[in-house]
Structures are given as C-alpha cells and as structure tokens.
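Visitor: I am new to this structure and would be grateful for a close look at a single part of it. Please choose one helix, explain how it sits among its surroundings, and then relate it to the rest of the chain.

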Amino acid sequence: MTGHEPTDDGDDRPRLVLVRHGQTEWSRLGRHTGRTDVPLDRDGEDQARRLGRRLVNRRYGLVLSSPRSRALDTARLAGFADVVEVDDDLREWDYGELEGLTTPEIRTVRPAWTIWTGPWPGGETPTEVGDRADRVIARCLAAHPGGDALLFGHGHLLRVLAARWIGRPADGGRMFALGTATVGVLGWDRANRVIEIWNEACPDAGSGPSD
C-alpha cells in the first residue's frame, strides 16, 4: 500500500514509521542477509540521505535501529545519528544455514522453499521473529514518546512487524512486499491498528528484493 501523509486527527497514540535500510551488494543480488553485517553500497548511502528528506516532516519521540550497520548507517545518514538507539529485537531474521544464499539456490536442494514455510535449519522460525516484533511494538506503545516511533530495520523483520501490528500471524508478512530504502507507516483508525502507508520508495530510490 502507498499513500499520502494521514491527516492529524488529534490522536496522541504513536504511529510506527518503518524504514527499510538502503541497498547493499547482497540485497541487490537477492542474498538472504541476516547475521552477516554487509554494509550499504554507494547507492544505498545515497538512498539513505534521500530518505532523510522524506522523514523530516514528522515529529519523533523514539528512534530505534537494528544493530546491523546497514540499518544503523541508514539512520545516521538520514539525519538521526544524535538520537537513534539500538534495539537488538530489530535485527533481521536469522537464516541459519541459509545465510547468504538466494531463493533459487536454496530451491535446488529444497524445491518450493520459502522463508515463510521453511524449513529453517539452524535459524529462526516465523514465531520467533514474531515474538521479537511484538516486543518492539510493545516498547513503542509503552514509551509515550510525544511523537511517532521511527524504526530502521530489514525486509523480513519489518514485514513480520507489519503483520503483527494488524493482528495477523507472523507468516502473514508474506503479503507485504518491501523494497530497499522504503517507508511504511503503521497507524490507527479509531481503535483499530491499520497500515496507512506501505513500501513507499524515497525519491529516485530502487526497490530491491527483501533481505
């Protein structure tokens, strides 16, 4: 889903603004990048700076990032170096023995494999990733930050987080495609949690495959 900025309805509950990191060599090639700390490439650094221009018009009371450099450097290059905090729960899905492989490479051994259906040898299950996403959501809602919560993370983790926000199982993240250097906004429609904006690319940014 994409869309425009929501109107201010006076609701002081924080929205969650999700930012997927800029491009890396591995994201460009479609390699599953979990634990490996692959840095932003030059295009990814440029994307991060452009994301800063997209994000500047909101007020943030809490800014969190995955500890991986591709997410943390995206936050810093976007202009949030002085306020960003690391939250280990925002790290990407642990792919275990599948780390660094592309989906076609995995399917030469495990036909029809997807990250959502597994198996995940030596890695995390969707439920385990969903538990981490739930903790991030709870932290954002409990903080009463006086503004929105801005989260810098990774493709699969943020897709799971969006699914959990609207009450879907973690594997519901399969329904939310998410490119690199994109923005999503999780918000409210009265008492209901909704997705207000999804997979919105920053100006001139690419939209590579999920980590």
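Guide: The cover over the buried residues of α6 includes β1, α5, β4, β5 and β6. This is a predicted model, and the description that follows should be read in that light.

Ten of the eleven residues of α6 are buried, so the helix is largely enclosed by the rest of the structure. The buried residues are Gly155, His156, Leu157, Leu158, Arg159, Val160, Leu161, Ala162, Ala163 and Trp165. After the helix comes Gly167, which has a positive phi, near 80°.

The helix also has a place in the nonpolar interior. The largest nonpolar core contains 33 residues, and Leu16, Leu18, Cys140, Leu151, Leu161, Leu186 and Trp198 are those with the most contacts inside it. Two or more residues of this core are given by each of β1 (16–20), β2 (60–65), α5 (126–142), β4 (148–153), α6 (155–165), β5 (182–189) and β6 (192–201). Of these elements, α6 supplies the largest share, seven residues. Separate from this core is a second one of 18 residues, with Leu72, Ala75, Leu150 and Val183 among its members.

The loop between α6 and β5 holds Ala181. Its phi is near 55°, a positive value in a residue other than glycine. With a relative accessibility of 0%, Ala181 counts as buried. Further along, in the loop between β5 and β6, is Arg190. Arg190 likewise has a positive phi near 55° and is not a glycine. Is Arg190 buried or exposed? Its relative accessible area is 70%, and because the threshold for exposed is over 50%, Arg190 is exposed.

Another loop deserves attention, namely the one between β2 and α3 (69–80), where Ser66 lies. Ser66 is buried, and its relative accessible area is 0%. The side chain of Ser66 makes a polar contact, at 2.7 Å, with the side chain of His154. When neighbours within four places in sequence are set aside, Ser66 is in contact with Ala71, Leu72, Val86, Asp87, Leu90, Arg91, Phe152, Gly153 and His154. Of these partners, Leu72 is also included in the second core.

One peptide bond should be noted as well. The bond from Gly118 to Pro119 is cis, and its omega is near 5°. Pro119 has its place in the loop between α4 (103–107) and α5; α5, in turn, is among the elements that help to cover the buried residues of α6.

Finally, the helix may be set within the whole chain. The chain has six helices and six strands, and read along the sequence they follow the pattern β-α-α-β-α-β-α-α-β-α-β-β. Of the 211 residues of the chain, 54% count as buried. Among contacts with a separation of 6 or more, 73% are accounted for by residues 24 or more positions apart. The accessible surface of the chain comes to about 9500 Å², and 47% of that surface belongs to carbon and sulfur atoms. Within this setting, α6 is a largely enclosed helix that gives seven residues to the largest nonpolar core.

Note on methods. Residues numbered from 1 in each chain as written. Heavy atoms only, no water. Core = buried A, V, L, I, M, F, W, Y, C linked by side-chain atoms within 4.5 Å. Buried < 20%, exposed > 50% of the residue type's maximum accessible area, 1.4 Å probe, protein only. Helix = DSSP H or I, 4+ residues; strand = E, 2+ residues; numbered from the N terminus. Contact = heavy atoms within 4.5 Å. Areas by Shrake-Rupley, 256 points an atom, 1.4 Å probe, with all protein chains shown as cover. Polar contact = N/O pair within 3.5 Å; in protein donor to acceptor, adjacent residues only side chain to side chain.
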